[in-house]
Structure formats: structure tokens, C-alpha cells
Amino acid sequence: MRKVPPLLIVVMISLIVCGYPDAAERKTPVKPTSTAKGEQPGMKTYYLGRFAIDLPEEFKLEIQSQKIQYAEVSDFKWKERDRAKEGEALWAKKISEIKKLKLPKGKDRIIIEEVNFPNLGKWAKGVLYYGNYVSPRTLYWTVLLDHGDTGIWLQIDGIKKDQMSAHFIKLLSRYQYGFDNLTRDSFCLNHGRIELPYLEQERTYARFAGPMGMKLRIEMNETRQVEDVGVLDRLVASLATNFAPGVDVDKIRTGSRTVAGLPGQEIIIRGTVNDVSELFFAWDSRGREDSGEYPEIRIGIECPDGNLDEKTKIWDAALDSFRPASKYQ
């Protein structure tokens, strides 16, 4: 098996696709989502937050996570015909995990209370607990909801119990399954969406495994302060300071590129260490302050060297297909 020097991976990924959240990488993998509407033969459409992208069928979604209005929310397809039985098993596993958390100083138990929400979905269970041992005042709600076609997990933290519960009830009540008739207010998860306009605290992350060893990552974050530099600026600055002695960087393509109507910077480079080369593709847009339609976006691919023309065609097609989700329905 071909072994890639760790230095090359660390340096290039941190340079090009830096900012991908570690927490997102630890999420449970999910299955790819496809839609027939607007989809090209041999392609799948993936909906991510308020955007969509078309990828060849060879790409498989490994991880998708999102945050909307302070809440981490994810949906999934039930595996068993008996959803109640499966839900009880999932809930019991979650409660067991919570009970293993470290107890905050001055507290005598982790779980504060378990609650049923009879008017939310088919059924919904919630647990209020202390999820941060260094912050005794911080409360956490975790909720599991049966929406019928899908189950939904939600987690939110804060210091006001009732305020948080009212907020997540509003979020979950606006969930709709599927991606037909998306609106400007649609914030897409893996199998459905939450119909709420942008307010604040939105984030989406996805990682795909593709052909020829390609790893595609997409991250979108709301921003309160637009960065002064983009991916190309970071590359130029790093090369000027000899950021990684022993790493040879071959610039294949660099420059400005507009994607989905959003101005951004693109780079395609080859990095080589000890005669082993990797290809890196990256595009980023700095976004606009406090905007759901113009978030900070970073898209990147890292993969073994070789098949440059074929990989570049895949990269170009992916960027050309990236678009606001609601405008192509």
C-alpha cells in the first residue's frame, strides 16, 4: 500500500482546507442522499444547508453534520420496521453514554430529567443534563424525534431550560421530509429540511470519498467578521515564508473563480515530499457578514498524484454544479 508522508498531508490540508471541525469528523457516517429531480445520469444531488452540489455516483457521503440557530441537528432513515423498538434502543444507548460523562463540581447527578414531548412528531424523547464538567451552569438538551420517514437527533446547550426547550420545539416542528419545493428558507439536512429563514449560528460540513483516492470536503459557516485573505493569499504567503522545508509545491492553477454567483479564490497544486506527490484542489469564498445566502465556504479535495486531467474535470464539474438549493427546483 502506498504510504503518504504525514508532513505532506498535515501541511497541505491545514493550508488549503483548514477549519474543518474535528467534532464534525467524529459524527456517525450517513448514507448518500439522491434526488431524481434535476439529476443528471450517473450523478447524485446532495443538499447541504442552503446549497446543493452534484457529484458522480462513485462519490460516497461519509459524514454530514449541520448546526442551525445554535442547535446541532441531524436526520436519519430508520433501519427497522418497528420504529418504536429501534427508537427505544437508540435512546437507551444515548442515555448510557450521557451517564458516563464526568460530573461537574457541586452536582450529584448528570441527568436532570427525562421528558416526553407528546405533541412533537410521532413521538419525541428529551433528556436534560450537565454535558460540560468544567461549566456547571451549562445545561444540555438532547432530543430524539420520530418524524415517520426519518428520525431526528437534536442537541442544544445553554443556561435557561425552558427557553432552550421552546426553541428546539420550534426548530423540530418546522422539519419537512424530502427536498421537493424547496424555498429560500429551506435549510437542508441529510434527508429533509428545516423551513426557517437564516437567523444566526449556521454551519454545514460534509466529507465524501470518491474515485482515484479523492477526498472531498465542504464546509460552510456563518461569519461575523469576513477574513482579509483567501486560500490563494494563504498559499502565496506560505510559499514566501518557506512554510514547510522539504515540501515542493507546483502551482497548477491559481486565480479568482466565481461559484454559485459567489466570488472566491481557487488553487490546484501538487505537493511533493521524498518523491511522493499529492494533488490538492481548493476553492473558498469569504462570505458576507451575518448572511445565510453568503456564508464563508471552503471546498477542497486531496488525493494521490496522477490522472490530473480526469480529476480536474471532476473538480470543475462539482464547482460548476454548486448552487443555492432553492433556485434549481
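This passage walks through the salt bridges, strands, cores and a helix of one predicted model.

Residues are numbered from 1 along each chain as its sequence is written, and side-chain values use heavy atoms, with hydrogens and water left out. Since this is a predicted model, local features need pLDDT of at least 70 and side-chain atom pairs count only at pLDDT 80 or more, while totals for chains, interfaces and linings use all residues.

Let's start with charges. Side chains of opposite charge can pair when their charged atoms come close. A salt bridge here is a side-chain nitrogen of Lys or Arg within 4 Å of a carboxyl oxygen of Asp or Glu, and a search of the whole structure turns up 21 of them. In one, the side chains of Arg50 and Glu202 meet with N and O 2.6 Å apart. Arg50 sits in the loop between strands E1 (43–48) and E2 (51–56), and Glu202 in the loop between strands E11 (192–195) and E12 (203–209), so this pair ties together parts that are 152 residues apart in sequence. (Helices, H or I, of at least four residues and strands, E, of at least two are DSSP runs, numbered from the N terminus.) Arg50 and Glu202 are both buried; that word means under 20% relative accessible area, with exposed meaning over 50% and partly exposed anything in between (1.4 Å probe, protein chains only).

Another salt bridge joins Glu72 to Arg203, with the closest N and O atoms 3.0 Å apart. This pair also links distant parts of the chain: Glu72 belongs to strand E4 (residues 71–77) and Arg203 to E12, 131 residues apart. Arg203 is buried, at a relative accessible area of 14%. Lys94 and Glu97 make a more local story, their salt bridge spanning 3.5 Å from N to O. They are three residues apart in helix H3 (residues 83–99), so about one helical turn separates them. Lys94 is partly exposed at 23% relative accessibility, and Glu97 is partly exposed at 38%. Salt bridges can also join up into a network, as they do for Arg253, Arg257, Glu266, Asp316 and Asp320.

Next comes strand E4. Five of its seven residues are buried, so E4 is largely enclosed by the rest of the structure. Strands count as paired if DSSP finds at least two bridges between them. E4 pairs with strand E3 (residues 60–68) in the antiparallel sense over two bridges, and Ile68 stands opposite Ala71 of E4. The E3 and E4 hairpin has two residues between the strands, and in it Gln69 takes a positive phi near 50 degrees. E4 also pairs with E8, again in the antiparallel sense, over six bridges; there, Ser74 has Trp153 in E8 as its bridge partner.

E8 (residues 150–158) is home to Gln155, which is partly exposed at 31% relative accessible area. Gln155 and Tyr70 are 85 residues apart in sequence, yet their C-alpha atoms are 8.9 Å apart in space. Leaving out residues up to four places away in sequence, Gln155 is in contact (heavy atoms within 4.5 Å) with residues including Tyr70, Glu72 and Trp141.

What about the greasy parts? In soluble globular proteins, nonpolar side chains tend to be buried together. A nonpolar core is a set of buried Ala, Val, Leu, Ile, Met, Phe, Trp, Tyr and Cys residues joined through side-chain atoms within 4.5 Å. The largest one has 28 residues, of which Phe208 and Ile299 touch the most other members. E1, E2, E12, strand E13 (215–221), E16, E17 and H6 each supply at least two residues of this core. Apart from it lies another core, of 24 residues, among them Trp141, Leu154, Ile156 and Phe168.

Finally, there is helix H6 (residues 308–321). At 1.5 Å a residue, its 14 residues should span 20 Å, and its end C-alpha atoms are indeed 20 Å apart; the expected span is 1.5 Å times one less than the number of residues. Among the buried residues of H6 are Ile314, Trp315, Asp316 and Leu319. The cover over the buried residues of H6 includes E2, strand E14 (248–256), strand E15 (265–273) and strand E16 (276–285).
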